[in-house]
2 protein chains.
Amino acid sequence: MLLNVDLSDQRPVYQQLRDQVVEAIADGVIHEGNRLPTTRQLAADLAVNFHTVAKAYDLLRQEGFIQVSRKTGTAVRITGEGPAPEWRAGLRTVLAEAFAKGMPKEEILAACREVLDSFGASRRTDGSLA
Amino acid sequence: MLLNVDLSDQRPVYQQLRDQVVEAIADGVIHEGNRLPTTRQLAADLAVNFHTVAKAYDLLRQEGFIQVSRKTGTAVRITGEGPAPEWRAGLRTVLAEAFAKGMPKEEILAACREVLDSFGASRRTDGSLA
DNA sequence: CCAATTGATCTATAAAAGATATAACAAAGG
DNA sequence: CCTTTGTTATATCTTTTATAGATCAATTGG
């Protein structure tokens, strides 16, 4: 399955779902136009409350990753240019965690490159969601 | 002041303090051996409860950024090798946020380089905490 | 047309996290 | 001896997270 919930994860469920959708878009597993499951359907699959899924969808909508339409359902649609203004602050914190722990800058940069290289590798030409 | 609290920030106060200490270490503003204010002192300066500061310190201690001693006080001391195991997952999420929003990989990598270049630039040779 | 589905909205409840407030204690240091 | 400090414990309060049930309008599919 594309999305899953880990109860041992420290992040709240709606945040896990949000992160997984964002990473799935980056990976190319889902892309512009792809439809996401309905809140009730996904909630049933994941055995969580549909309000929790709705919260994740609402967050993704606010951030400009998806568009929710009563007619056509929920679909991936990127709006706005580039990441949020606070993005660099978050990046800085993550990189600081590694550098403060003694990881060399070259290794950190190499890790960034590896992660970026993995993005887009799972792109599909058809519209299937596997 | 080195540390400050932003009530409009979405992160909890103890997390803000934790992040600021980690970034201060990465920046070189504080380094191995430097002592941090006592929990009660810092709490008074920031106008927060000292339990909140103690929680931040305890988190930093668990992560291996500081060492707390009843004798010598709280000081920066890096223990363990490199970042935590979950670090790469966090990095992946942050980078995905930018790439999914259409930011080119080269620009993302350039942002990483800029942030890394800023680290260590504020290193002090004396032991002052300005 | 009709039944089912869906997004949304509302209320309610419960558990957990975050933050504050006091208090007490042992150890250390002046 | 007295203050400071880290630590621990308890209590309270607010916010967040998650679940639950119910309703409604709109849409879809038979």
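**Two protein chains and two DNA strands: questions on a predicted model**

Visitor: Which residues have the most contacts inside the largest nonpolar core?

Guide: In this predicted model, the largest nonpolar core has 70 residues. Those with the most contacts inside that core are A:Leu91, A:Leu95, B:Leu91 and B:Leu95.

Visitor: Leaving aside neighbours within four places in sequence, which residues are in contact with B:Leu95?

Guide: B:Leu95 is one of the residues with the most contacts inside the largest nonpolar core. With neighbours within four places in sequence left aside, its partners in chain B are B:Ile108 and B:Cys112. From chain A, B:Leu95 is in contact with A:Leu91, A:Cys112, A:Val115, A:Leu116 and A:Phe119.

Visitor: What area is buried between chain B and chain A, and which residues of chain B lose the most area to chain A?

Guide: In the contact between the chains, 42 residues of chain B meet 42 residues of chain A. The area buried between them is about 4200 Å², and carbon and sulfur atoms give 67% of that area. On the side of chain B, three residues together account for 18% of what that side buries. The residues of chain B that lose the most area are B:Trp87, B:Arg92 and B:Lys101.

Visitor: Is B:Asp19 buried or exposed?

Guide: B:Asp19 is found in helix α1 of chain B. Leaving aside neighbours within four places in sequence, B:Asp19 is in contact with A:Thr93 and B:Arg11. Its relative accessible area is 5%, and a residue counts as buried under 20%, so B:Asp19 is buried.

Visitor: Which residues are the closest to DNA strand D?

Guide: DNA strand D is surrounded by 20 residues. Of the atoms of this strand that come within 4 Å of the protein, sugar and phosphate account for 55%. The closest residues are A:Val13, A:His51, A:Thr52, B:Arg40 and B:His51.

Visitor: At what distance does a polar side-chain atom of A:His51 lie from a base oxygen of DNA strand D?

Guide: Some polar contacts with this strand involve the protein backbone: a backbone N or O atom of A:Val13 lies 2.6 Å from a phosphate oxygen of DNA strand D. For A:Asn49, a polar backbone atom is 3.1 Å from a phosphate oxygen of the strand. A:His51 instead uses a polar side-chain atom, and its distance from a base oxygen is 2.5 Å.

Visitor: Which element gives the most to the surface near DNA strand D?

Guide: The residues of this surface divide into seven nonpolar, seven polar and six charged. At least two residues each are supplied by α1 and α3 of chain A and by α2 and α3 of chain B. With four residues, the element that gives the most is α3(A).

Visitor: Which residues come nearest to DNA strand C?

Guide: There are 18 residues around DNA strand C. Sugar and phosphate make up 56% of the strand's atoms that come within 4 Å of the protein. The residues that come nearest are A:Arg40, A:His51, B:Val13, B:His51 and B:Thr52.

Visitor: Which element gives the most to the surface near DNA strand C?

Guide: Among the polar contacts, a side-chain atom of B:Arg40 lies 3.5 Å from a base nitrogen of DNA strand C, while a side-chain atom of B:Lys55 lies 3.2 Å from a phosphate oxygen. The elements that give two or more residues are α2 of chain A together with α1 and α3 of chain B. By class, the surface has six nonpolar, six polar and six charged residues. The element that gives the most, with four residues, is α3(B).

Definitions and conventions: Residues are numbered from 1 along each chain as its sequence is written. Chains are lettered from A and ligands numbered from 1 in the order in which they are written. This is a predicted model: local features need pLDDT of at least 70, side-chain atom pairs count only at pLDDT 80 or more; totals for chains, interfaces and linings use all residues. Side-chain values use heavy atoms; hydrogens and water are left out. A residue is near a molecule or strand if one of its heavy atoms lies within 4 Å of it. A polar contact is a pair of N or O atoms within 3.5 Å; within protein, one must be able to donate a hydrogen and the other to accept it, and residues adjacent in sequence count only if both atoms are side-chain atoms. Ala, Val, Leu, Ile, Met, Phe, Trp, Tyr, Cys and Pro count as nonpolar, Asp, Glu, Lys and Arg as charged, and the others, Gly among them, as polar. A nonpolar core is a set of buried Ala, Val, Leu, Ile, Met, Phe, Trp, Tyr and Cys residues joined through side-chain atoms within 4.5 Å. Buried means under 20% relative accessible area, exposed over 50%, partly exposed in between (1.4 Å probe, protein chains only). Contact means heavy atoms within 4.5 Å. Buried area is the accessible area (1.4 Å probe) that two parts lose on being put together, summed over both.
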